[in-house]
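Reader: Hey, got a minute to walk me through the empty spaces in this one? I'd like to start inside and work outwards.

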Amino acid sequence: MNGYIIFWAIIILFSLISFSIMSIKMLIKGIPELRDMFKQLNDTKLKSTNENP
Amino acid sequence: MKKYVGGISDYLVADRSMGFHLGLLSLMCTEIGMVTYVYYAEMGYRAGFVAFMVAFPTAIAFYILGRTGFIIRPLMEMKIMTIPEFFSKKFNSSIRLYIGALMAIGGILNFGVFPGVEAKFINIVTGISQEYVLITMVVMLTVVLLYTLMGGMVSVILTNYLQYALLSLGMIFITVYGIIKIGWSNIVDAVITNYGEKGINPFYPSATESEFGIGFFIWQFLLWVSILVCWQAVSMRLFSSKNTKTGQKIYSWSSLMFLARAILPVFWGIMALAYLGSTIEPLEALPLLIIKLVPKGVLGLIMAGLLAASMSTYSSYLLSWSSVVSQDLIGTTIKLITGKELSSKKQLLISRITMAAVMIFIIWWSLFHKIEGYLYFYLNMTGMLFIPGTLVCLTFGIYWHKTRTTGAYLAITLGAIPPVAYLLLSEDIKTAYASEMGWGGFLLALIGMLIGNFLHDMFGFYKQKNKI
């Protein structure tokens, strides 16, 4: 039973650390991607407006 | 926001412009709501450490699909917006209508319990009476509806970003603060005292007899593979990503994030067992833990995180299920009757009206429906109304060119029988045979596909022979 308890403790710790690191990374790197997304949407809209005035 | 949305493709899949980090973040936000915390915490509270087993099939399914591109790569290359679209391309419009109807029923019944569960949660944490909480939920849903109506996927992704910052902070705080305040040894003692070895060893008394043993693992793995390819809220993230490589990368890394998505809330349920004892209602374990554990000053921040998690789920689910109703049910029916495709603007209008109708329905359903058995299993089984049939049809449809329409019909129909039985049976049977009904659905769908293909070929052969 002790083996399982240690295993579960490692899993909890691993999940907590990986979740924290990845969350910070996603929030930081998400900003430029948001900007790119709006740029692409804007370009598409402009293109379709020019094609169908 | 509305200025960025020109047509239905901008509205539903953000013109396929989503990058890796944003996609991962948005997927996490969609699949983490207050209801997610509640059902995982319920499992931890009722079963102990063995409930962590629920996290592994999900993580493995994400990793395998992300690395191999199994089913998801061909789907992304087809540039579709909803899964039933695949059915009209591979089979015919009638099947698209059939699977779309099952998806809409399953998805909306699944979504329909969210407001009720969450209203109860808010009621316990804040002490506001149930009647006012429901009004609060309606207001919250209306706000979500408004911004989703305006910008579709674009506004969902943007608000997801802000909501994720709050929800991730809340998740980390509750876990760390809970361990410090309650203490690891007390948590372990509580599980051993209440459940003995059954609460710690997932293969006790044996791998086949355990509630979270082999049968559960097989069912959950199949279920999650299916969810990743045909659960509209998840697959829409895939279809919104920039390219196939980005989509696959989002799935690979989601394995890590979805492991934490289950492990942390299950652990909160176990902490509730240690901190509050075993006599409380399992679905109330988490809100009671939060109100008793978290210091008053921080409670507001945690509540903001929880509400943010809910709003992000509502917005994505509203968009997803209403897109199935508008595109696959209404759109296909109109096409079958008139023989013409609707214009992009009309599709957009129908999508927005459907969204409002779905919102009204889920508020009504959450007021009147009573859940029996594990909440997690109820959610799984409502989804399973269409999931086994869809997975089998997608797999055969993509990888076996001899797949026939009759096979698809039979796979979808037979796969829906066990979940329908689960939803109608008594609570004792539900708890005892959930896993069997779970993997049984997939087995029946597979049998249906094989028999249907065989019958189709046999009768097709005789028809041809008679003509000659």
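**Cavities and pockets**

Author: Sure. The lining of the largest cavity divides into 12 nonpolar, seven polar and two charged residues. Here Ala, Val, Leu, Ile, Met, Phe, Trp, Tyr, Cys and Pro count as nonpolar, Asp, Glu, Lys and Arg as charged, and the others, Gly among them, as polar. This is a predicted model, where local features need pLDDT of at least 70, side-chain atom pairs count only at pLDDT 80 or more, and totals for chains, interfaces and linings use all residues. Residues are numbered from 1 along each chain as its sequence is written, chains are lettered from A and ligands numbered from 1 in the order in which they are written, and side-chain values use heavy atoms, with hydrogens and water left out.

Reader: What counts as a cavity, and what as a pocket?

Author: On a 1 Å grid over the protein atoms alone, a cavity is a set of points where a 1.4 Å probe fits but cannot get out, while a pocket is an open set with protein on both sides within 12 Å along at least five of seven lines; lining residues have an atom within 4 Å of a point. Grid points are joined across faces, edges and corners, and a volume is the space filled by probe spheres set on the points.

Reader: How many cavities of 30 Å³ or more are there?

Author: Two. The largest cavity holds about 240 Å³ of space, and the second largest has about 30 Å³.

Reader: Which residues lie nearest the centre of the largest cavity?

Author: Glu31(B), Tyr39(B), Asn110(B), Trp231(B) and Tyr317(B), out of 21 lining residues. Helices H2 (20-31), H3 (34-47), H12 (214-230), H16 (296-338) and H18 (375-383) of chain B each supply at least two residues of that lining. Helices are DSSP runs (H or I, at least four residues), numbered from the N terminus.

Reader: Which helix gives the largest share there?

Author: H18(B), with four residues. Nine of the nine residues of H18(B) are buried (under 20% relative accessible area with a 1.4 Å probe, protein chains only), so H18(B) is largely enclosed by the rest of the structure. Among those buried residues are Tyr376(B), Phe377(B), Tyr378(B) and Asn380(B).

Reader: And H2(B), how does that pack with H13(B)?

Author: H2(B) and H13(B) (residues 232-240) pack at an angle of about 170°, with their axes 10 Å apart. That makes H2(B) roughly antiparallel to H13(B) (an angle over 145 degrees). Ser26(B), Leu27(B), Thr30(B) and Glu31(B) of H2(B) make the contact (heavy atoms within 4.5 Å) with Ala233(B), Val234(B) and Arg237(B) of H13(B).

Reader: Back to the second largest cavity. What lines it?

Author: Its lining includes Tyr37(B), Leu166(B), Met171(B), Trp268(B) and Ile302(B). H10(B) gives the largest share, five residues. By class, that lining has eight nonpolar, two polar and no charged residues.

Reader: OK, pockets now. Where's the centre of the largest one?

Author: Val117(B), Lys120(B), Leu283(B), His369(B) and Ile371(B) lie nearest its centre, among 26 lining residues. About 540 Å³ of space lies in this largest pocket. H8(B) gives the most to its lining, six residues, and the lining divides into 13 nonpolar, five polar and eight charged.

Reader: Which residues lie nearest the centre of the second largest pocket?

Author: Glu209(B), Ser210(B), Glu211(B), Phe212(B) and Gly213(B). The second largest pocket has about 430 Å³ of space, and H22(B) supplies the largest share of its lining, seven residues.

How values were computed
Axes fitted to C-alpha atoms, helices over the stretch in contact; angles between N-to-C directions. Parallel < 35°, antiparallel > 145°, perpendicular 65-115°, else oblique. Buried < 20%, exposed > 50% of the residue type's maximum accessible area, 1.4 Å probe, protein only.
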